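The following paragraphs go through a two-chain model, beginning with a single loop residue and ending with the contact between the chains. Please keep the structure open while reading.

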Amino acid sequence: MPTATSVIQVKGLKKCYGTLTAVDSLDLSIEAGEIFALLGPNGAGKTTTVEILEGYRTRDSGDVSVLGFDPANRGDAANSWRDRIGIVLQDSADGADLTVEESITHFSKYYSKRRDLDHLIQAVGLDEKRKSRVHNLSGGQRRRLDVALGLVGTPELLFLDEPTTGFDPEARRAFWDLIRTLKEDGTTILLTTHYLDEAEALADRVGVIAGGKLIEVATPATLGGREQALATVSWRDHSGVLREESAADPTSILRRLLGDFDGEIPALTVKRPTLEEIYLRMIGESK
Amino acid sequence: MSRVIQALRIGISRGTLEIKQFNRAREAVVFTIAFPVILLFIFGSIFDDEIAPSVTFSQYFVAGMIASGLVNSGFQNLAITIPMERDSGALKRLRGTPMPLASYFIGKSIQVAYSMSLQIVLLLLFGSLFFGLEIPNVGAKWIVFAWIVLLGSLCATVLGIAFSSVPKSGRAASAVVSPIVIILQFFSGVFFVFSQLPGWMQQFAAIFPLKWLTQGMRYVFLPDSFASQEVAGGFELGKIATILVIWTIIGALIALKTFRWMRK
């Protein structure tokens, strides 16, 4: 529901490339202070939608408002608007001959509300690399510099496009913590990611795009009827055969099993569908 | 007004950043700065006979190379590096910030001025030390030199920005742009004496700025008596200025219309 606090409001967005309809009557609203994850397979219209919101692409029809501004506008008003947003793009390979510190210092000059250089470098974990040339950074460090450049102007709204591609698990956790502190500061974040665990860990709400349409918006816990989905209990029975039973109330199965076995129930698991399983099912159904 | 100052301030900051990056990318420094000097030594050493009374080919060649320097550091440099920046995502990133768009071009102009000055100083230095280039001692010649450098580099910069939309990728850019410059150098009186070229070549070259830049530099660096050796029987300074202004306007219009910040 669009409200007075909606940071992003999209109504009936449409974009075609020739005969291909990339985005079709898409509605979306993102509230102040939330982390919203946009999910969808490649070619579903995710990138087109985000690039329209970022002001990179024009639209064919529909209403778009980002921080109360139409991103299709140009000129000085657009620059004041860009002063309030931060964009972290995918696969940038620029500025290779500059140092981390030089890059951040330079980009900070574009903005009116500059973040403190030392804090920012520390927050993205590049303290030891601040004097390193960008071409000497690892893939993950490079990404963290991208994030720093997106944050340097203290944005009210941050676009994060596939931010943790190429991160090792530890770096990914550290990055998630960074995103959570941004949220605590009140930053609204639009995240696109292929990692469903990332969406689950970070997002207040997720939206699934397929075939150019937003097919569902929900919390990670309730997407695709996940909270009502059957849980599966599996265990090994007395003859050593692996058994599996699904139920809305898995506890009842467990009670029964506790009676059946004296001690340990062999190979016991209780599994609820992961966000990824729900997502894959939704994408499969939409085809 | 404050917006103009802001754009200028950020543009200057971009200029210093561009120069820093240029200096650190050693291949680029060698390509744009050392290459013309190496060519000067090769051509100047092979062809040292007189082409007119008290004018050697080496002198003729240095004048042409200084003119080429404007094309190299303006046109060639930008028409290659801007597509590379488009490919690397540098332009897209900038477009997503509140950087005034003019600042980007101010920064580029500063970098062009920097590499061009280095190139001209080196060519003047080596040309006068080893190849009999006479540094003019008349104020009028320096004034002409100044406006040719200013107008010529502005023209080359604008055309470089305009042409930057042509190469499909950063990797293809050098292969598309370099041959154009080399062919123009052959046709425009850099590697050969212009008046000795076939007529169709002269007429073709006369469409483009480089021919006029070399002619202007010959006015500056060759004796006045050489005027009679020019195809038109004179240095045609007025025509040089007119043609450079026309190309600058054409280039600016194309650049405004076609400049792209993103890969297609």
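A:Ala267 lies in the loop between helix H8 (250-260) and strand E12 (269-271) of chain A; helices (H or I, at least four residues) and strands (E, at least two) are DSSP runs, numbered from the N terminus. The model is a predicted one, in which local features need pLDDT of at least 70 and side-chain atom pairs count only at pLDDT 80 or more, while totals for chains, interfaces and linings use all residues. Residues are numbered from 1 along each chain as its sequence is written, and chains are lettered from A and ligands numbered from 1 in the order in which they are written.

The phi angle of A:Ala267 is positive, near 55°, in a residue other than glycine. Most residues other than glycine have a negative phi. A:Ala267 counts as exposed because it has 12 C-beta neighbours inside 10 Å. The classes are set by the number of other C-beta atoms, placed from the backbone, within 10 Å of a residue's own: 20 or more is buried, 12 or fewer is exposed, and in between is partly exposed.

Chain B has a residue to set beside it. B:Ser54 is not a glycine, yet has a positive phi of about 55°. B:Ser54 sits in the loop between strand E1 (50-52) and strand E2 (55-56) of chain B, and with 12 C-beta neighbours inside 10 Å it counts as exposed.

Chain A as a whole contains 9 helices and 12 strands. Its C-alpha trace spans about 75 × 50 × 35 Å along the principal axes, and 36% of its 287 residues count as buried. One of its strands, E1 (residues 6-17), holds A:Val10. A:Val10 is buried, because 23 other C-beta atoms lie within 10 Å. Beyond four places in sequence, A:Val10 is in contact with A:Leu26, A:Asp27, A:Leu28, A:Gly62 and A:Val64, where contact means that the C-beta atoms, placed from the backbone, lie within 7 Å. The C-alpha atoms of A:Val10 and A:Ser29 are 6.1 Å apart, with their positions 19 residues apart along the chain.

Chain B has 10 helices and 2 strands, in the order α-α-β-β-α-α-α-α-α-α-α-α from the N terminus. Of its 264 residues, 45% are buried. Its radius of gyration of 19 Å agrees with the value near 18 Å for a compact globule of 264 residues; the radius is taken over C-alpha atoms, and the globule rule is 2.2 Å times the number of residues to the power 0.38.

How do H3(B) and H6(B) lie, and at what angle do their axes cross? The axes of helix H3 (residues 57-88) and helix H6 (residues 139-163) of chain B come within 7 Å and cross at roughly 20°. Axes are lines fitted to C-alpha atoms, for helices over the stretch in contact, and angles run from 0 to 180 degrees between N-to-C directions. H3(B) and H6(B) are therefore roughly parallel, as angles under 35 degrees are classed (over 145 is roughly antiparallel, 65 to 115 roughly perpendicular, the rest oblique). Residues in this contact include B:Gly74 and B:Leu78 in H3(B), and B:Gly152 and B:Ala156 in H6(B).

Between the chains, 20 residues of chain A are in contact with 20 residues of chain B. Helix H2 (76-82) and helix H3 (100-108) of chain A each supply at least two residues to this side of chain A, and H2(A) gives the most, with 3 residues.

Terms used: Two residues are in contact if their C-beta atoms, placed from the backbone, lie within 7 Å.
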